Amino acid sequence: MNTIHRLLCRSGLWRRVLEEKMMPWVLDGEDMGTDLLEIGPGPGLTTDILRRRVPRLTAIEIDSRLAASLAARLDGGARVVRGDATAMPFRAGSFSAVISLTMLHHVPSVELQDKLFAEAWRVLRRGGRFVASDSRKSFTMTLLHAGGTMVLVDPETVGGRLERAGFREVRVECREHAFKVAAVR
Ligand SMILES: C[S@@+](CC[C@H](N)C(=O)[O-])C[C@H]1O[C@@H](n2cnc3c(N)ncnc32)[C@H](O)[C@@H]1O
């Protein structure tokens, strides 16, 4: 992530967008159960909202500094694990739901994104939900990712990719700047 992107991810502006627009839309109608896994929490603005919704929250973050600072800030309020969501250190069937928010485009290839989908399927219980949201192509996204990774997920093809990973009942919803996908394991 470049500096502007890093600052944006921890800003009051992003917190307001999450609180007022994005999270109400993404979470609407989604039953997360009791054991939620968040993939890619970054500084944890999404984690702050999710931990109010479920009794047990685990977050897996690949960046060791972000993982350590989030764990310190939450101080036991959620379990934070430093790890790679394309090869997760969790037993099969550990979670009632898995969520990823504005992080899939940071996974550097379609193949690795598909591994992440397969891992989400593996760590979910039967009937558990996978919910993801990510940004769509825009000039702002290109600027924010200058010099960094940006492999945008195509909302037209994400449904088929999730089905190939084993998911069913896939639903995709698009807005101007983002899409949401939900599926059942
Ligand atoms: C743009 S941030 C999103 C943070 C937060 N979800 C939000 O919406 O504010 C994406 C995060 O995903 C993390 N990430 C990227 N690839 C990952 C992987 N393979 N496993 C776990 N986390 C990953 C990055 O380190 C970064 O902190």
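Start your tour by selecting Ala59, which is buried because 28 other C-beta atoms lie within 10 Å of its own. The cut-off for calling a residue buried is 20 or more such atoms. As you click along, keep in mind that this is a predicted model.

**Stop 1: around Ala59**

Ala59 sits in strand β2. Show its contacts next: leaving out residues up to four places away in sequence, Ala59 touches Glu38, Pro41, Thr47, Leu70, Ala78 and Val80. Now try a distance label. Ala59 and Arg164 are 105 residues apart along the chain, and their C-alpha atoms are separated by 25 Å.

**Stop 2: from β2 to β1**

Select residues 35-39, which form strand β1. How many of its 5 residues are buried? The count is 4, and the strand is mostly covered. Strands β1 and β2 run parallel and are joined by 5 bridges. Add helix α3 to your selection, and you have a right-handed β-α-β unit made of β1, α3 and β2.

Turn to strand β4, residues 95-101: this strand also runs parallel to β1, with 4 bridges between them.

**Stop 3: Leu36**

Which residue of β2 is the bridge partner of Leu36? Pick Leu57 and you have found it. In β4, the bridge partner of Leu36 is Ala97. Not counting neighbours within four places in sequence, the contacts of Leu36 are Leu50, Val54, Leu57, Phe95, Ser96, Ala97 and Ile99.

Leu36 also belongs to the largest nonpolar core, which has 42 residues. Together with Val98, Ile99 and Phe130, Leu36 touches the most other members of that core. Strand β4 gives the largest share of this core, 5 residues. In soluble globular proteins, nonpolar side chains tend to be buried together.

**Stop 4: the ligand**

Bring the ligand into view and select the residues around it. There are 20 of them, and Gly40, Gly42, Ile62, Ala85 and Met103 come nearest. The elements giving two or more residues to this shell are α3, residues 45-50, and β2, residues 56-61. Try colouring the shell by residue type: 11 of its residues are nonpolar, 6 are polar and 3 are charged.

**Stop 5: Ala132**

Go to strand β5, residues 124-135, and pick out Ala132. Is Ala132 buried or exposed? Ala132 counts as buried, because it has 25 C-beta neighbours inside 10 Å. Setting aside residues up to four places away in sequence, Ala132 touches Ile99, Ser100, Leu104 and Val181. For another distance label, choose Leu8: it lies 124 residues from Ala132 in sequence and 20 Å away in space, C-alpha to C-alpha.

**Stop 6: two residues with positive phi**

Most residues other than glycine have a negative phi. Your last two selections are Asp75 and Glu169.

Where is Asp75? Look in the loop between α4 (64-74) and β3 (79-82). The phi of Asp75 is near 50°, a positive value in a residue other than glycine. Asp75 counts as exposed because it has 7 C-beta neighbours inside 10 Å, and the cut-off for exposed is 12 or fewer.

Finish at Glu169, which is found in strand β6, residues 168-174. The phi of Glu169 is positive, near 50°, and this residue is not a glycine either. With 11 other C-beta atoms within 10 Å, Glu169 is exposed.

Methods. Residues are numbered from 1 along each chain as its sequence is written. This is a predicted model: local features need pLDDT of at least 70, side-chain atom pairs count only at pLDDT 80 or more; totals for chains, interfaces and linings use all residues. A residue is near a molecule or strand if its C-beta atom, placed from the backbone, lies within 6 Å of it. Ala, Val, Leu, Ile, Met, Phe, Trp, Tyr, Cys and Pro count as nonpolar, Asp, Glu, Lys and Arg as charged, and the others, Gly among them, as polar. Two strands pair if DSSP finds at least two bridges between them. A crossover is right-handed if, with the strands pointing away from the viewer, the path from the first strand over the helix to the second runs clockwise. A nonpolar core is a set of buried Ala, Val, Leu, Ile, Met, Phe, Trp, Tyr and Cys residues joined through C-beta atoms within 7 Å. Two residues are in contact if their C-beta atoms, placed from the backbone, lie within 7 Å.
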